[in-house]
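Visitor: I would like to go through this model with you, step by step, and hear the reasoning behind each answer.

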Amino acid sequence: MKNERAVRGTGKTPRPAEELRRDLLRHVVASLGSDPEHLDPARVCRALALTVRERLARNWIETQRSYYERRGKRVYYLSLEYLPGRMLLNGLHSLGLVDAAREAVAALGQDLEAVAEREWDPGLGNGGLGRLASCFLDSLATLDVPAYGYGIRYDYGIFYQTIEKGEQVERCDNWLRAGNVWEFERPENLYQVRFGGRVRESLDNAGRLRCEWVDADTVMAMACDMLIPGYANGRAVSMRLWAAKSSREFDLRFFHAGDYIGAVEDRVRSENISKVLYPSEEAEAGRELRLKQQYFFVAATLQDILRRHRKLHATFESLPDEVAIHLNETHPAIAVPELLRLLIDEEGLGWDEAWGICERTFAYTNHTILPEALETWPVELMGRVLPRHLQLIYEINRRFLDRVAERVGSDSELRRRVSLIEEGPVRRVRMAHLAIVGSTSVNGVSALHTKILRERVFRDFHDLYPERFNNKTNGVTPRRWLLQCNPPLSALIGERIGWGWVRDLEELQRLEPLAEDPEFRSRWRRARQENKVRLVAYLERRVGAQVDPASLFDVQVKRIHEYKRQVLNVLHVIALYHRICDDPGADVVPRTVLFGGKAAPAYFLAKRTIALIHAVAEVVNRDPRVAGRLKVLFLPNYCVSQAEKLVPAADLSEQISTAGLEASGTGNMKFALNGALTIGTLDGANIEIEEAVGSGNLFIFGHTAEELAALRGRGYDPRAYRDQEPELARALDDIARGAFSGGDRSTFWPVVDSLLHRGDPFFVLADFRPYLTCQEAVSRLFRDPEEWTRRSILNTARMGRFSSDRAIAEYVKEIWKV
């Protein structure tokens, strides 16, 4: 066959492109069972992925060998979510093979970018939490930290979002429909995980109480490894994901009786645990499944960690010196009593020794201050699913409250506030409290967030354990979020200051003097315009919309939530629409407003917000009076691969959450790194971005967290703001009277009702006028392309501190002590 003949060796070492092409064709035949004479982008994508995976596997083997040779401390990062995004281009960049791959697939009549588009985003996460975890794994590999990421191999992602008649519809995210070429299944790493049953107590020969967890149902956890490459260092770390497998294939008694459904029912029920990310908690079965998911991956992970520890150590007293286990949010917090159970019940350690090991082994990152997001579990559910763990949690709580009493006396109100058990009609286990008590370190993810944790959310715990609390501001990997997603800008930066910034983002500071160079500013604009043109082509393919690439691209893409205030953005769009209609001759800066994001299936107001965006877009985009001056689009199924197209093309980055409620944000960092200017509140990492890039190089508006607290204390009346602002009143009236819903007043009444009659809990109306004023400043600056470009360059140049490499280096030095 001619494609095979073309790559047969001549005895000489082949060039990288030739070697890639040879291996690619080998995988087409040997791995895919396909004819290399009939290739299409999908087959080339899979074969090239296998070719890359093969090289990563070699690096991974060398990395694992080095861990054992060094015999140093290892980091285990536990996260219920990861959002790695497409892995093909990331792997090629890390291996330095992008140009070779482009040449290799071109020789086969294919285009590398078209090939990469055939890859499906892994459905392993939902939002910022999962994407941060993936950035951290990238940095752990690049910095050569001995580390492993642990999570769940979900068969289905949270959902695939489609839009039907303006409404979000959740479809099955079957990301594994064609298999996962990136993973290695490890059936030899199979662990038993138990649920239910009861605790049997007895006395051992020394008269000590022993507890045995018996009569439990069992599920097997099978390891599936995806390899995360370090950049240009020959390293790769494991993202080990657990898949649920039945402890038996089927029950032969049912099978022989002719009941095949009954025979496989146990297997199907067992394997549901890793079926879907975040099952609905509206029903009791959904809540139970989610708790089982959390324990499932924690139990398998800890068995895997202890197995690895036993290879080199006969006892466990040195575990905290050899192992750092990091809890990414409260989802893995059940790991605290699980490790305690393993050490006491399985290994025979006493309580004090076992608890001392736990306290020094775990570290906990909190990502939220919203009360509803601080996870709790009903005591009844915990006792039914994990009876031994509930016993241990009660004992942890008793001993902890005794220590509290020793330190501060019999303050019953303090004991109630810090207790691991929340009293009430339904007693609940407070997982954040469990994580704090059981960890050596508790960190927030931005300076403001950590301040709020210390002074408000966990103030009592900070008073008790001030040394445990610290800040580690989030970061993003420059490999994916500049080098990979923005080739035009990366090439320009690399040409002028070299490529050291890919591993040391502070190198971007060398761009600062170039902001004053007219020729460099011109080339910067051309690079960014190239990205906008690329996005325009994508928008036409994806939603059938034609967009002016010269317009201001105003982008808000993130999870749909009231505190993220997409509604504030919509109110601005309506006000802008009114202004253009009222004065058709006005000289208006053309603006394309782009939304994207998913609403939780049961979050009614978030789903109404998506419907409102579409309804406003329908009216605006059809009105000839605003044609060419205002367009509104919603991009369905926002994901990592879509972000890689939006982030490099955005002119304006909307980071407009209610001050004091966004823990950090990483979207704000990605946009600014790629030269977008930020419009935002003093919330999360926006504060630190302002400090870094300079207050004159972004647009800050609105009430601060302290001002909102004072406003709330005085008695916030949102209707007073409506009455003072004619443009606001007109926009709200249009929504309420059905101007965007065909005259149906009921369609969007819940949105208006929340703002006017239910207290406007996220202060949308209080910040409306400052937001409009700030948007007017945006438009004025956009008219001056030279000054806009200068500030764009300075944003990129000053974003060095927001690298995930910097964040991980801080974790390594100050928390994990690797």
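The questions below concern the cores, the cysteines, two loop residues and one strand of this predicted model.

Visitor: How many residues does the largest nonpolar core have?
Guide: Among the residues with the most contacts inside this core are Leu88, Phe296 and Trp816. Leaving aside its neighbours within four places in sequence, Leu88 touches Cys45, Leu48, Ala49, Val52, Val115, Ala116, Glu119 and Trp182. The largest nonpolar core to which Leu88 belongs has 156 residues.

Visitor: And how many residues are in the other core, the one with Ile560 and Val751?
Guide: This core lies apart from the largest one, and its members include Ile560, Cys581, Ile735 and Val751. Cys581 meets the burial cut-off because its relative accessible area is 13%, where buried means under 20%. The core that includes Cys581 has 67 residues.

Visitor: How many disulfides does a search of the whole structure find?
Guide: Burial and disulfide pairing have to be kept apart here, since cysteine 774 counts as buried at 9% relative accessibility, and cysteine 581 is buried at 13%. For disulfides, the search of the whole structure gives a count of zero.

Visitor: Lysine 165 and phenylalanine 763 each have a positive phi without being a glycine; which of these two is buried?
Guide: Lysine 165, with a phi of about 55 degrees, is found in the loop between strand S3 and strand S4, and its relative accessible area of 87% makes it exposed. Phenylalanine 763 also has a phi of about 55 degrees, but its loop runs between helix H31 and helix H32. With a relative accessible area of 2%, the buried residue is phenylalanine 763.

Visitor: Which strand pairs with S9 in the antiparallel sense?
Guide: Strand S9 is mostly covered, with 10 of its 11 residues buried. Strand S2 pairs with S9 in the parallel sense over five bridges, and there tyrosine 150 stands opposite arginine 240. The antiparallel pairing has 11 bridges, and the strand that forms it with S9 is S8.

Visitor: Which residue takes a positive phi in the hairpin of S8 and S9?
Guide: Within the pairing of these strands, methionine 226 has methionine 239 in S9 as its bridge partner. The hairpin has six residues between the strands, and the residue with a positive phi near 55 degrees is alanine 232.

Key. Residues numbered from 1 in each chain as written. Predicted model: local features only at pLDDT ≥ 70, side-chain atom pairs only at ≥ 80, totals over all residues. Heavy atoms only, no water. Core = buried A, V, L, I, M, F, W, Y, C linked by side-chain atoms within 4.5 Å. Buried < 20%, exposed > 50% of the residue type's maximum accessible area, 1.4 Å probe, protein only. Contact = heavy atoms within 4.5 Å. Disulfide = S-S within 2.5 Å. Helix = DSSP H or I, 4+ residues; strand = E, 2+ residues; numbered from the N terminus. Pairing = 2+ DSSP bridges.
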